[in-house]
Amino acid sequence: FTPLRYQVTPADCYPTSVLNALVWLFERDELPGATLQRIYAYCLDGIERGVVGSYTSEHASLALMDWLGEFKTRSFAITTEVVKGRELHLRPSSGVLRWLRRGGVAIVDVRITTVTTHSILALSAGADHLDFWDPYMRGTRYDYGRGASRLETDGHSPNLRVTKSWLDSPRTRRYSFGPLAERSGVLIRRTKRGRRRSRAAA
């Protein structure tokens with residue numbers, strides 16, 4: 001299947017993660033071109049210091065999820081669910097864990113600094129960790145923090161593993177969800193219209 005991809009600017013982690021979610025859930029010939037067009041039409045609407053395309057706003061991300069949830073073809077149909085604040089956690093009742101177990105994926109925002117977040121794609125869950133595709137290509141010396149580690153990949157499997165305890169921390173530390181009130185994510189899965197092919201996880 002099509003390899004997962006990396007973002008091409010510092011700002012496009014969210015649209016790249018949405019695209020990777022669809023790549024992971026669907027075969028190439030199942031994805032309508034309209035999905036790609038809408039992803040980039042909605043995203044990168046933020047303006048920072050006069051620079052257009054600096055980030056994707058919450059309004060744009062919600063509008064995109066609404067459109068993707070409504071758009072259907074013979075081969076394409078998804079269900080989405082937005083999780084915010086205290087709804088985003090990794091306790092036994094976690095919606096993220098439930099959707100991953102059912103073959104879905106989750107795009108979640110993690111902290112990079114006290115003021116910066118970064119969107120990554122959760123692909124699978126183990127007993128004490130989650131495996132992700134991080135769309136930002138990091139250097140070999142990059143410090144992910146004590147709870148996260150790089151995974152070797154050819155683009156067909158996760159490239160990042162983060163322990164649940166580190167990820168679910170309310171502290172502002174690198175590659176964690178961070179403070180409860182500031183958490184944000186979206187859950188995505190195929191509907192019965194399609195059958196997700198099994199992917200190899202690291």
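This is a short walk through the sheet of this model and the helices that pack around it.

Before we start, this is a predicted model: local features need pLDDT of at least 70, side-chain atom pairs count only at pLDDT 80 or more, and totals for chains, interfaces and linings use all residues. Residues are numbered from 1 along each chain as its sequence is written, and side-chain values use heavy atoms, with hydrogens and water left out.

Okay, the sheet. Helices (H or I, at least four residues) and strands (E, at least two) are DSSP runs, numbered from the N terminus. Two strands pair if DSSP finds at least two bridges between them. Here we've got 7 strands in an open sheet, ordered β3-β9-β4-β5-β6-β8-β7, with antiparallel pairing. So what's at the edges? That's β3 (78-84) and β7 (148-150); each has a single partner strand, so one side of each has no neighbour in the sheet. From one strand to the next, the twist averages 30°.

Let's look at β8, residues 160-163. It runs antiparallel to β7, joined by 3 bridges, and S149 has R161 as its bridge partner. β6 and β8 also pair antiparallel, over 4 bridges, and L130 sits opposite V162 there.

Now, side chains. In a regular strand they alternate between the two faces of the sheet. In β8, L160 and V162 point to one face and are buried, while R161 and T163 point to the other and aren't. Buried here means under 20% relative accessible area, with exposed over 50% and partly exposed in between (1.4 Å probe, protein chains only).

On to the helices. How do α1 and α2 (residues 33-42) cross? Their axes come within 10 Å and cross at roughly 160°. Axes are lines fitted to C-alpha atoms, for helices over the stretch in contact, and angles run from 0 to 180 degrees between N-to-C directions. That makes α1 and α2 roughly antiparallel, which here means over 145 degrees (under 35 is roughly parallel, 65 to 115 roughly perpendicular, and the rest oblique).

Who's touching whom? P15, T16, V18, L19 and L22 of α1 meet T35, L36, I39 and Y40 of α2, where contact means heavy atoms within 4.5 Å.

That's the tour, thanks!
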